[in-house]
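Me: I want to go through this model and ask, term by term, what entitles us to each label. Please set each value against its rule.

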Number of protein chains: 2
Amino acid sequence: MKAGPDISIVGALIGDPARANMLTALAGGVAMTATELATEAGVTQQTASSHLAKLLDGGLLALRKQGRHRYFQLANEQTAAMIEGIMGLAHHAGHRRTQPGPKEPALREARVCYDHLAGERGVALFDSLIRRNALSAAADGLALTPAGEQFMCDFGVDVEAARKSRRPLCLACLDWSSRRNHLAGALGAALLQTIQDKGWARREKGTRIVRFSPPGARAFDKLVGERI
Amino acid sequence: MKAGPDISIVGALIGDPARANMLTALAGGVAMTATELATEAGVTQQTASSHLAKLLDGGLLALRKQGRHRYFQLANEQTAAMIEGIMGLAHHAGHRRTQPGPKEPALREARVCYDHLAGERGVALFDSLIRRNALSAAADGLALTPAGEQFMCDFGVDVEAARKSRRPLCLACLDWSSRRNHLAGALGAALLQTIQDKGWARREKGTRIVRFSPPGARAFDKLVGERI
DNA sequence: ACGATGCTTCGACGTTAATCGAAGCGTCGG
DNA sequence: CCGACGCTTCGATTAACGTCGAAGCATCGT
């Protein structure tokens, strides 16, 4: 008998297909109502309600009441990172939910993970920041260098506002499609927001896909492509 | 219906208590026979055999046949990192398998994660390497700097041998007890090996605990405590 | 105040899967 | 070659849980 936390409880929560669908849907970071999650998971409302209660009790979800709606979202960024991690294993083991359709390439190219950019473009952006020495390793993972602060300022990211948030500023999150790192944390969220504000890309409604416009993609490629 | 890998299969695998026990036991990186894992999980051999077949099929375990024994171990480091991640969630959510006994403090202080050092000492070592500028952020997470290479050489780690391995040299792995990073990858494994070779610590048989001797603990504290 | 909407609780049904006894198959030691 | 050991497969039992219909409770709009 081993000591330590009991992973079977969390595993069993993720193990049910309906709950897994809900978690995957919420991995985009959006908050959804119970009814939305029910249709997302393909079950009735009362079944969904039971599942959501269990996910809440297990600490995987957080609840925000608003009027007669109950908005569910992932409890924290760590939960999102763990789900991406399991996706990496499942993807590698060949357990796909859907046969490779037109959606998956778009998901691999650019998607939202909790609240930051993931997928190939997310990884490319991360690599670019490393090459610029905008990020350096710190005790808790990553830190923004002065050069990085300058870059963010030039790009239009409000670093100070991001720093004020209670979340860690920079975190590395493992990508399930590329198996490489992309930038999470408050700064990652702010970067994605800026990219959307610039009109380079926008979130596709109801999915995790981040769709780049042709000029936006060109600008993005130029940004991450140019060496310093 | 969401696209992407199906989380629920992996989740269901972890969701069974017997299988979770096996995975937790294997998180130390050691390979165990089917019978050992059966007693570890508290089930009979034939039940264990069924579970192990499922874990193999799910890609979470790797199998090494040796004579009439079948040695099971975690499929790769990514799997170990995911298990540590789930442990972090489970620990935070308060799902303990055992009431806090004498074992858990030792696990929190120093334990082996796959094949490298985790726990408070693992985190302290990681922090120390960052302070020395021995590690810096790279495209795929972490890189060893020239200063770091010198440090490793002084400490007695064969960096070249570690670099020859097919695994990534440096990886950051999230600690479930401290929720901070510690060093994984080939270099992390080599560091733990060197610490054991120096006689500073040794693995406690049958557990994940890494037990430091009093002089070893003093030397370790001095090493990670001194600022550069 | 009334109905409509969003969600939860209760109860019953059905399916899944974990479990173990017994038997079967390969491997090692003598 | 034979028994001991390690492990797997088969079959049957049992327990757990996901599922939905119906009813109940709260909240919003009018």
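Me: What makes the approach of Arg70(B) to DNA strand D a polar contact?

Reply: A polar side-chain atom of Arg70(B) lies 2.9 Å from a phosphate oxygen of DNA strand D. A polar contact is a pair of N or O atoms within 3.5 Å (within protein, one must also be able to donate a hydrogen and the other to accept it, and residues adjacent in sequence count only if both atoms are side-chain atoms), so the pair of Arg70(B) at 2.9 Å qualifies. This is a predicted model, in which local features need pLDDT of at least 70 and side-chain atom pairs count only at pLDDT 80 or more, while totals for chains, interfaces and linings use all residues. Residues are numbered from 1 along each chain as its sequence is written, chains are lettered from A and ligands numbered from 1 in the order in which they are written, and side-chain values use heavy atoms, with hydrogens and water left out.

Me: Which atoms of DNA strand D do Lys54(A) and Gln46(A) approach?

Reply: For Lys54(A), a polar side-chain atom is 2.6 Å from a phosphate oxygen of DNA strand D. For Gln46(A), the partner is a base nitrogen of that strand, at 2.7 Å. The elements that supply two or more residues to the surface near DNA strand D are H2 and helix H4 (45–57) of chain A, together with helix H3 (34–41), helix H4 (45–57) and strand S3 (69–74) of chain B. The largest contribution, four residues, is that of H4(A).

Me: What makes a residue one of the 20 around DNA strand D?

Reply: A residue is near a strand if one of its heavy atoms lies within 4 Å of it. Of the 20 residues around DNA strand D, Gln46(A), His51(A), Lys54(A), Thr35(B) and Ser49(B) come nearest. Sugar and phosphate make up 68% of the strand's atoms that come within 4 Å of the protein.

Me: How do the residues near DNA strand D divide by class?

Reply: Three are nonpolar, 11 polar and six charged. Asp, Glu, Lys and Arg count as charged, Ala, Val, Leu, Ile, Met, Phe, Trp, Tyr, Cys and Pro as nonpolar, and the others, Gly among them, as polar.

Me: Which residues come nearest to DNA strand C?

Reply: Thr35(A), Ser49(A), Gln46(B), His51(B) and Lys54(B), out of 20 around that strand. Arg70(A) has a polar side-chain atom 3.0 Å from a phosphate oxygen of DNA strand C. Arg68(A) has a side-chain N or O atom 3.2 Å from a base oxygen. H4(B) gives the largest share of this surface, four residues.

Me: Why do S1(A) and S3(A) count as paired?

Reply: Strands here are DSSP E runs of at least two residues, and helices are H or I runs of at least four, numbered from the N terminus. Two strands pair if DSSP finds at least two bridges between them; S1(A) and S3(A) have two, antiparallel, and therefore pass. Within this pairing, Met32(A) stands opposite Phe72(A) in S3(A).

Me: Why are strand S1 (32–33) and strand S2 (61–66) of chain A edge strands?

Reply: The three strands form an open antiparallel sheet in the order S1-S3-S2 (chain A). S1 and S2 of chain A each have a single partner strand, so one side of each lacks a neighbour in the sheet. In chain B, S2(B) and S3(B) pair over six antiparallel bridges, and Arg64(B) stands opposite Tyr71(B) in S3(B).

Me: What makes Arg167(A) and Glu77(A) a salt bridge?

Reply: The rule asks for a side-chain nitrogen of Lys or Arg within 4 Å of a carboxyl oxygen of Asp or Glu; the closest N and O atoms of Arg167(A) and Glu77(A) are 2.8 Å apart, so the pair meets it. The two residues are 90 apart: Arg167(A) sits in the loop between helix H9 (159–164) and strand S8 (171–174) of chain A, and Glu77(A) in helix H5 of that chain. Over all chains the count is 22 salt bridges.

Me: How many salt bridges cross between chain A and chain B?

Reply: Zero by this rule. The contact (heavy atoms within 4.5 Å) takes 62 residues from chain A and 63 residues from chain B. The buried area, which is the accessible area (1.4 Å probe) that two parts lose on being put together, summed over both, is about 5300 Å², with 65% from carbon and sulfur atoms. Residue pairs in polar contact across this interface, both at pLDDT 80 or more, also number zero. H5(A) gives the largest share of the side of chain A that touches chain B, 11 residues. That side divides into 29 nonpolar, 20 polar and 13 charged residues.
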